[in-house]
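Welcome! Let's take a friendly walk through one protein chain, starting with a pair of strands and working outwards.

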Amino acid sequence: EQTIYLSDYKEFSHFIDGVELTFQLSPTKTRVKSKIHFRPNPKAPEQAFFLHGEHLKLISAHIDGVKISPTLTETGLTAEVPTGPFIFEAEVEISPETNTALEGLYMSNGMYCTQCEAEGFRKITYYPDRPDVMATFKVRVESALPVLLSNGNPGTSDEGIAEWHDPWPKPAYLFALVAGDLIAHSDSFTTKSGKDVALNIYVRPGDEDKCAFGMGALKRSMTWDEDVYGREYDLDIFNIVAVDDFNMGAMENKGLNIFNSSCVLASPETSTDANFERIEGIIAHEYFHNWTGNRITCRDWFQLCLKEGLTVFRDQQFTSDMRSHAVKRIDDVITLRGRQFREDNGPLAHPVRPESFVEINNFYTATVYDKGAEVIGMLKRLVGDEDYKRALDLYFERHDGDAATIEDWLKVFEDTTGRDLTQFSKWYSQAGTPRLSVAGEFSDGTYILHFKQATPPTPGQPVKDPRVIPIAVGLLNPNGDEVRETCILEMTEAEQSFRFTGLSTKPIPSILRAFSAPVILERQSSTKERAFLLAHDTDPFNKWEAGRALAKETLVAMLTADAPVNSDFLDALAAVLRDENLDPAFQALALALPSQDDIAQTLFDAGVTPDPMAIYTALETLSQSIAQHLQDLLPRIYAANHVDGPFSSEAAPAGKRALQGAVLGLISRLDGGDQARAQYAAADNMTQQLQALACLLRIDRGQTELASFETQWAQDRLVMDKWFGLQSGLAAPQKAAAITETLTKHAAFDWKNPNRFRAALGGLTGNTAGFHAADGAGYKLVTDWLIKLDAANPQTTARMSTAFDSWRRYDASRQGQMIEQLKRIQATPNLSRDTHEMVTRILG
Ligand code: DPP
Ligand code: ZN
């Protein structure tokens, strides 16, 4: 196992002036012929000529037409090469059908497809498989299958043959090939400068009625990127292909995006509102990569956040513009805290730009993606919208065609604004979530906020320097009027104070508005003040945050001091529900309680060992109290948010359905599920059908509905994923492992399909009290399956092993059991490099 270091970067020995590839497709004996035009790179340090290649059967190799016998190893090929330019040719044989890892060229339901990011191209042919080697590709595909696709623009095609030419130099990780019996949903787009682009979404027969929404999302993305970032599309054609077996969400291959079918196929009957929003966001994300990722790519994989952080930031902006800024920000912060804060506060903590790795696939993380996006949000807040725009224009102008670094990225901001970003760059190099504590002081019309920041140690980084933290603050007076509009306090020291003068009364501060930095804000506050902010804060994020803090404080008091449910919190919730000026989507978010995992981490941070079952019970008790307290209000809100007419996935009706669903959850606790059964029976869309089923499962009912759901949707694999996930995810804690085990014996449990595996087993790991059940049945079941999956699919196994990363939080018995299971994984013969690295880091 070899560790790769950022500091070891060196340029490749050669440039590539062009690549020609021919694929003769066959399930177990695909032939790949390559012709690569190499030219020496005079700046590169002395090195042997090396091409990556794994699991390839070399048939022949030639240099300038002369047959050679290169030296082959597990990882590639070395050869003596001429000192000047030369042509390297190879023919290799590969077996897509037996490729269950879903990296390189593989088969899914009879179709051929590829996944090359990060290092999958080396499983297709011998090549310098690194992002800083960019080349133009000509591809010829030979197969009897009707649809044959690759990157770029189509060339000549004939019976059984298709040629594609990609004029834009690209790294191998953006290569793609698809062949199959597929149906196109077609449309077109005219760019701002008048260029016509053909658009297609290719799907398997039977899915063609689920493409229209994705196509609309694609066109909205293309328009938005022109309007907001001035970026136009640059080929004659843009293709999307839906694939059922896929490790990730989707992949931005140049001109040929490949999608997990769950992230592109949509219809009202089979997709929830959340699915629609996610699909729109992912289509946008992959499309936006065309500029932030493809035209400007990464020099090496340590720079992954260069493209991912920026592209996540862009897709978040897009979704905000399409839907609601306030709701999107709250959703994003919930995700950030749930995934990234957990990562950043455990054994897998790493900087946004890591400095070493064993397996790069293990670094497609919430930290690289979501914290990477937060860092860009902070930069934008610090420099302002105008300078952000100017910096981005300069970035595209200066680096188009480059394989760039984070230094390049920061330099455009420095050059645009004259700022020194040395300290800011610590956000890229230091792991861990800063704790920001604050105390306020008022006298003689002056209000002073005293801030302190500190970041706990993370693996390999015992000591942290202060960061630049943009703290958005507004001040309210006791009547709820805003007496100071939002301003950005720029904190750079470990301790720093900021003063506001000329105030007539002691203000109520609203701190870290819009969640202006990815930190944990520690602030002593009274229930009264939180309830005041929940009622009056003009910043929608902090308004929500006040309610969330109240919920957390109530739960913590219930768990640590045997306190009763705080009635001020219940009254505050009632006020939110009664406020007819509020967006229903916001009200739904305000009604939602923090996750079990969130409470566990909160207790752990406070020095209390969390008891998963007690947390589950406290949440149940609190939900029951909320239901009882709001009893009279619930039927009215439910009825008032009924959406009539044909289904629309837009934000307004989706928000009403979200509120209705939240209210239905509470009503179900009072009526034994009658209303939910009625909603289930009447539902003509998946959002309401699934909501009702979930409400029933949460109160341990719904067996009849589960069975009828299965009968109704047995033929729809994406809907059946929901059926699997809901049962393991919502099972009562004592039963969760047993129910999941039964699911794994179901005829439709196709464990090699990542979506199905994640639905069933990921449902269990997301069911916190169920996974952590005291008898260890959850740990054992998940481990058994991870060990089994690792032999077929290392990437998904490694990803899912993170379920164990919170082991240090828990009591000695649970710790012991989790360590035992982690060691059992670690000791598995032939364990993949992916999973071995993860388990080793988790054990620490
Ligand atoms: N680059 C992909 C994405 O994030 C994942 N491999 O879009
Ligand atoms: Zn991406």
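## Two strands side by side

Strand β2, at residues 14-24, runs antiparallel to strand β3, at residues 30-40, and 10 bridges join them. For one example of residues facing each other across this pair, find Thr22, which stands opposite Lys33 in β3. Keep in mind as you look that this is a predicted model.

In general, strands of a sheet pair through backbone hydrogen bonds, and the pairing can be parallel or antiparallel.

## The wider sheet

Both strands belong to an open sheet of eight strands with mixed pairing. Its order is β6-β5-β9-β3-β2-β12-β15-β14. The edge strands are β6 (66-67) and β14 (153-158), each of which pairs on one side only.

## A hairpin at one edge

Which strand does β14 pair with? Four bridges join β14 to β15 (residues 161-170), and the two run antiparallel. Within this pair, Asp158 has Ile161 of β15 as its bridge partner. Together β14 and β15 form a hairpin with two residues between them. Look for Gly160 in the turn: this glycine has a positive phi of about 80 degrees.

## Stepping back

An unreviewed UniProt entry annotates residues 20-174 as "domain: Aminopeptidase N-like N-terminal". Across residues 20-174, the chain is 52% strand and 0% helix, and the C-alpha atoms at the two ends are 15 Å apart.

Further out, the domain assignment of the protein chain gives domain 1 (4-273), domain 2 (297-429), domain 3 (435-522) and domain 4 (543-843). The C-alpha centres of domain 3 and domain 4 are 33 Å apart.

Technical notes
Residues are numbered from 1 along each chain as its sequence is written. Chains are lettered from A and ligands numbered from 1 in the order in which they are written. This is a predicted model: local features need pLDDT of at least 70, side-chain atom pairs count only at pLDDT 80 or more; totals for chains, interfaces and linings use all residues. Domain bounds come from an automatic or database domain assignment. Two strands pair if DSSP finds at least two bridges between them. UniProt positions are given in the numbering used here, feature names are shortened, and annotations may be inferred rather than shown by experiment.
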